[in-house]
Amino acid sequence: MTETLPETHASAREMRAKYESGQATVRDTALAHLERIQKVDKHTHAFLTVLDENQIVAQADAADEMIRAGQASAMTGIPFLIKDNISTDGVRTTAASKILDGYVPPFDATVVSRLKKAGAIILGKGNLDEFAMGSSNENSAFGAVINPWGKNRVPGGSSGGAAAAVAAGEAAIALGSDTGGSIRQPASLCGVVGFKPTYGTVSRYGLIAFGSSLDQIGPIARTVADCADTANAISGRDSFDSTSLELDLDFTEYLDRDIDGMRIGIPREYLVEGIEPGVRSAFDASIAVLESLGAVVEETSLPLTDHALAVYYIIAPSEASANLSRFDGVKYGMSVDGEPNARESIEATRGNGFGPEVKRRILIGTYALSAGYYDAYYKKAQQVRTLIRREFQDAFQKFDALVMPTSPTVAFEIGEKTQDPFQMYLSDVCTIPVNIAGLPGISVPCGLSEGLPVGLQIVAPQLGDRTALQIAHAYEQSANWKLTPPEL
Amino acid sequence: MNSPLLTEDDVRHIARLAALRIDDAEVETMRSQLSDILAHFQTLAQLDTQGVPPTGHTTDAHSVMRDDEEMAALDREQTLANAPFIDGEFVRVRPVIE
């Protein structure tokens, strides 16, 4: 295939069109991605595990066969990265933690088995902050991810490998997980699209649990349409996840509808403290685009926004401290030997296997749940969570969607925030409220500030995923950024 | 709320509850960082939450049961291969009772 070289920066829909018209094969496209990984991953460090060429070719040939047989769907032949906290049968899954080094799951996460069934190509596993705890990917036990937009810049986190790989042309789509912004914030910092669906629409079975009431799997891709197609493939009721909803949403349904007359609110609390001027001006310009498309945009107020960070950093670590109690060095992963008894052996393994941020969160969570503090911290946070949900519900009486920047800053420098955990937590100030209320949110590129990408976040009511995608798609088509990082 | 400032003994106590071994240098770092983080949480005390029900998760689903169907369990050999120490078909652990 000389006249039609496989394109590693195309959207998944463009790849699919070439497969269907016979202009490209899945095999060539998959191998082009493998070659791209071999060329650029030493700069990005987006992958923790890359599958062998023969494993990739076997998947690609099966996908080409599906296409020939007329059994293809939107995901057939699309090269994926899977964040390494999502279980893959027979493929090492580490959550970027030393404590899981060498762990090989004996099963696939539901999202992975659904992608495989649809003929998607799994290239490998993506780097992340350890157990998805972080906003810069610097908490990976296996080395930080580098943002392809700047050698000294973080990609965001925790799905930093996922976002960097899509931006750098190493994968067409990546599956990430989002507990407090871990899909949307890195997508924003890397200039790609990141979609967190409504809590409960995508099964969490096989996702290594962090904050179970907040965690949600979703796609990072080059276009809004690719995100919608991926959501269609991975969503739906799963009897292995009791919180998965009995629903059959077509996430692409509203993509081609215009947004004329749509009511969009800008909560002013998201535009004050710490927002960079370049982010503010890119955001203001994106509002002008939405207005030019007929949307009625109005400022509004969500006063509880300021409390969301505290609610999150009580609830997420509390849930994490319980979820991470399973890592004891007995059933899987690393284990410190030579201790006199089981208790000492478990304490030594956990002390050695977890990194500093994971330890911090386990300790915060354990404290918040301990006798004497439960009411003041955990219960109080859950009550304020109710108030935050109600505040969003009230806002959605007036508005079809809310918009705000995805991140108050562009990609910051490596090492800039590692000394002060609370400064790092502030990176997620715009994304966290969405998880607290279980809402759908999407980040779509809205320009550059000093050469680094800015993201526009669109938030819709619970199960209003199609509306969020509709507005994001309308904006994307009109603004037509098509951001590509400088060649590595 | 009680004073959020933690002592080093508090940190050691929490670490023990969490089955997490931390060394003396870590104890001091954690004491200072956790105290700082907990101080930021105090803002919640300003909010009146009298009679507000807590939100555990956002789907409002209750007591979801799966059909009681027979299905294949995980492969024993593949599963045991992950355990750091095994003895035949068993996972080996250090003594629990001394």
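**Figure 1. Overall confidence in the two chains.** Helices (H or I, at least four residues) and strands (E, at least two) are DSSP runs, numbered from the N terminus. Every close-up here comes from a predicted model, in which local features need pLDDT of at least 70, side-chain atom pairs count only at pLDDT 80 or more, and totals for chains, interfaces and linings use all residues. Residues are numbered from 1 along each chain as its sequence is written, while chains are lettered from A and ligands numbered from 1 in the order in which they are written. The model scores ipTM 0.93 and pTM 0.96. Chain A has a mean pLDDT (the predictor's confidence in each residue, from 0 to 100) of 96, and 99% of its residues score at least 70. Take care with residues 1-5 of chain A, where the pLDDT is below 50. Beyond near neighbours in sequence, this stretch has four contacts in the model, a contact being two residues whose C-beta atoms, placed from the backbone, lie within 7 Å. For chain B the mean pLDDT is 90, with 96% of residues at 70 or more. Within chain B, helix H1 (residues 8-17) has the highest confidence, at 96, and helix H3 (residues 76-80) the lowest, at a mean of 91.

**Figure 2. Where chain A meets chain B.** The contact draws 55 residues from chain A and 46 residues from chain B. On the chain A side, the elements that give two or more residues are helix H9 (305-323), helix H10 (342-353), helix H11 (356-369), helix H12 (375-398) and helix H13 (421-425). H12(A) gives the most, with 12 residues. Sorted by class, the chain A side has 27 nonpolar, 18 polar and 10 charged residues. Here Ala, Val, Leu, Ile, Met, Phe, Trp, Tyr, Cys and Pro count as nonpolar, Asp, Glu, Lys and Arg as charged, and the others, Gly among them, as polar.

**Figure 3. A helix from each chain: H11(A) and H1(B)****.** These two helices, H11(A) and H1(B), pack at an angle of about 95°, with their axes 9 Å apart. The axes are lines fitted to C-alpha atoms, for helices over the stretch in contact, and angles run from 0 to 180 degrees between N-to-C directions. H11(A) and H1(B) are therefore roughly perpendicular to each other (angles of 65 to 115 degrees count as such). Look for A:Leu363, A:Thr366 and A:Tyr367 of H11(A), which meet B:Ile14, B:Ala15 and B:Leu17 of H1(B). Five of the residues in this contact are nonpolar, one is polar and none is charged.

**Figure 4. A helix pair inside chain A: H8 and H15****.** Helix H8 (residues 277-292) and helix H15 (residues 465-479) of chain A pack at an angle of about 100°, and their axes are 10 Å apart. So H8(A) and H15(A) are also roughly perpendicular to each other. H8(A) brings A:Ser286, A:Val289 and A:Leu290 to the contact, and H15(A) brings A:Tyr475, A:Ser478 and A:Ala479. Four nonpolar, two polar and no charged residues take part.

**Figure 5. Helix H5 of chain A and its surroundings****.** Eight of the eight residues of helix H5 (residues 160-167) are buried, so this helix is largely enclosed by the rest of the structure. A residue is buried if 20 or more other C-beta atoms, placed from the backbone, lie within 10 Å of its own. One of the buried residues is A:Val166. Beyond four places in sequence, A:Val166 is in contact with A:Ala171, A:Ile173, A:Ala174, A:Val192, A:Ile220, A:Ala221 and A:Arg222. Just after H5(A), A:Gly169 takes a positive phi of about 80°. A cis peptide bond, with omega about 10°, joins A:Gly157 and A:Ser158. A:Ser158 sits in the loop between strand E3 (121-126) and H5 of chain A.

**Figure 6. Two phenylalanines in loops: A:Phe131 and A:Phe210****.** A:Phe131 lies in the loop between E3 and H5 of chain A. Its phi is near 55°, a positive value in a residue other than glycine. Most residues other than glycine have a negative phi. A:Phe131 counts as buried, with 30 C-beta neighbours inside 10 Å. A:Phe210 belongs to the loop between strand E5 (193-196) and strand E6 (216-221) of chain A, and is buried with 25 other C-beta atoms within 10 Å. Leaving out residues up to four places away in sequence, A:Phe210 touches A:Phe131, A:Ala132, A:Met133, A:Thr179, A:Asp215, A:Ala320 and A:Asn323.

How values were computed:
Parallel < 35°, antiparallel > 145°, perpendicular 65-115°, else oblique. Buried ≥ 20, exposed ≤ 12 C-beta atoms within 10 Å, placed from the backbone.
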